[in-house]
Amino acid sequence: LVGSEMCIRDRHYTVRGRWGKLSHNMQLDQLDPSMWQLLQAENRRQQDTLTLIPSENHTSSAVLRALSSVLSDKYAEGYPGKRYYPGNEIADQVETLTRDRAKAAFKVPYVNVQPYSGSPANLAIYSAVLEPGQTIMGLNLLDGGHLTHGWKFSMTSKFWHSLPYHMTADGRIDLDEVRRLAKEHKPGIIICGGTAIPRAIPFKEFAEIADEVGAYLLADISHIAGLIVGEQHQSPVDFAHLVMTTTHKTLRGPRGAMIMVTEKGLAKNAELGEKIDKAIIPGLQGGPHLNTIAGIGVALHEAMQTEFKAYAQQIVENAKTLAQELQAQGFKLISGGTDNHLILMDLSYTGIGRGTFLDPALEQIGLCANRNTIPNDPSSPFYPSGLRLGTPAATTRGLKAPEMKQIADWITQTASHIKDWQLPEDKTARLALIKDFKARLKTDSWYTGLNSEVKQFCQRFPIPGLET
């Protein structure tokens, strides 16, 4: 620093200058009390509430340790053995170890662990195997697909021609429609997987259709990766050419992603791995986040332990129990239940847009689920008629069948309490009513009692890895 004085005192580096006194080894609570207080508040929020969002989970203290490690400081643009910066001998070993663990966990010959998240990972895959303007086929977003599977407002539908397929009335993937569209339009890639699919994904049937029309098959297993490693869901590796997964959700790692090429993929295109690598860098990304890659490596190590299989099994058992209890309480579920970690409640029979009300009402008592569209939703995506629930995070905290029954009871009580709030047809009236509804949440003493119950309940099941 210009005009500054560097001192060494008790092995702490102290900088004095126009910025005042700053200890390099100062603890966060001393250095930045405002940020520290926010982090502590989030810690308390997570401990005092129950996460039922199927795309969220709680990582272990070991994963958190890797994320906050010295690897955060290292730039490692390129790949192991082919970096653009010096000092990457250890970084190469970290990335190689994580790659090898992913290959072993998913039984694939090739993995790229550098994608920052699932969205750029999917974009990289399309860039690697398609020319601009070619056709992609993915599940319609409002039926449970993902933005990057070709939704009309996503860049994936601007760079490529998107041809979505849909769910049937009973909440199953319409394979007849998939086959008909594929034969007629000859897509370059077909994507199976999504964000709100409560039933097992039929990889074999998708593969038959993709092979018939010469398309690549991409299995997006972001939601079910942990269930696959835990042997609670069929793996797509024998059927798909490419597999993409995020690394949180059921895999219980940090926020990142991986792209895998299968033996079938290499048989279709021997250069597929190289194409993926080039699509990531220099195509779409720069330096990888080594701390995230290390965290992914730790999470994969955890996922290959015997206990993780029991964890994955409990996730599914909890979801099935919760689904059964909700149905017993009179709720309607898309597809009539679940095969995995995810439940999609259809609330449309009680009025349109009901997820808009139940979501914040549940949050007020300490249950965090998320409003979601349902297939053929009578409302709009802004005011969806469904509620999406999941059990990965709750299972991490140690909840089992008896606790699922309690959760179903709280949901039932809350839904009953707000039953008279109905979404108007007029858009202006909607905004006013929802504003009024959210204001009432803060003043209605009814929520206070249940919130206290949920908080006491959560104290019995502290989040592993977080400060209590």
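Two residues are in contact here when heavy atoms lie within 4.5 Å. With that in hand, let's look at this predicted model.

**The chain as a whole**

Among the contacts with a separation of 6 or more, 71% join residues 24 or more positions apart. The chain is built with 18 helices and 18 strands, and buried residues make up 54% of its 468 residues. For a chain of 468 residues, a compact globule would have a radius of gyration near 23 Å, and the value of 24 Å found here agrees with that. Some further values for the chain are gathered below.

| Property of the chain | Value |
|---|---|
| Span of the C-alpha trace along its principal axes | about 70 × 60 × 45 Å |
| Exposed area | about 21400 Å² |
| Share of the exposed area from carbon and sulfur atoms | 52% |
| Distance between the mean positions of the positive and negative charges | 3 Å |

The charges behind that last row number 49 positive and 49 negative.

**A look at helix α13**

Helix α13 covers residues 306–328, and how far apart should its ends be? At 1.5 Å a residue, its 23 residues should span 33 Å; the end C-alpha atoms are 34 Å apart, so the model agrees with the expected span.

Which residues of α13 are buried? They are Phe308, Tyr311, Ala312, Gln314, Ile315, Val316, Asn318, Ala319, Thr321, Leu322, Ala323 and Leu326. Following α13 comes Gly330, which has a positive phi, near 100 degrees.

Note on methods
Residues are numbered from 1 along each chain as its sequence is written. This is a predicted model: local features need pLDDT of at least 70, side-chain atom pairs count only at pLDDT 80 or more; totals for chains, interfaces and linings use all residues. Side-chain values use heavy atoms; hydrogens and water are left out. Helices (H or I, at least four residues) and strands (E, at least two) are DSSP runs, numbered from the N terminus. The expected span of a helix is 1.5 Å times one less than its number of residues. Buried means under 20% relative accessible area, exposed over 50%, partly exposed in between (1.4 Å probe, protein chains only). The radius of gyration is taken over C-alpha atoms; the globule rule is 2.2 Å times the number of residues to the power 0.38. Accessible areas come from the Shrake-Rupley method with a 1.4 Å probe; for residues, only the protein chains shown count as cover. Lys and Arg count as positive and Asp and Glu as negative; His and the chain ends are not counted. The place of a charge is taken as NZ of Lys, CZ of Arg, CG of Asp or CD of Glu.
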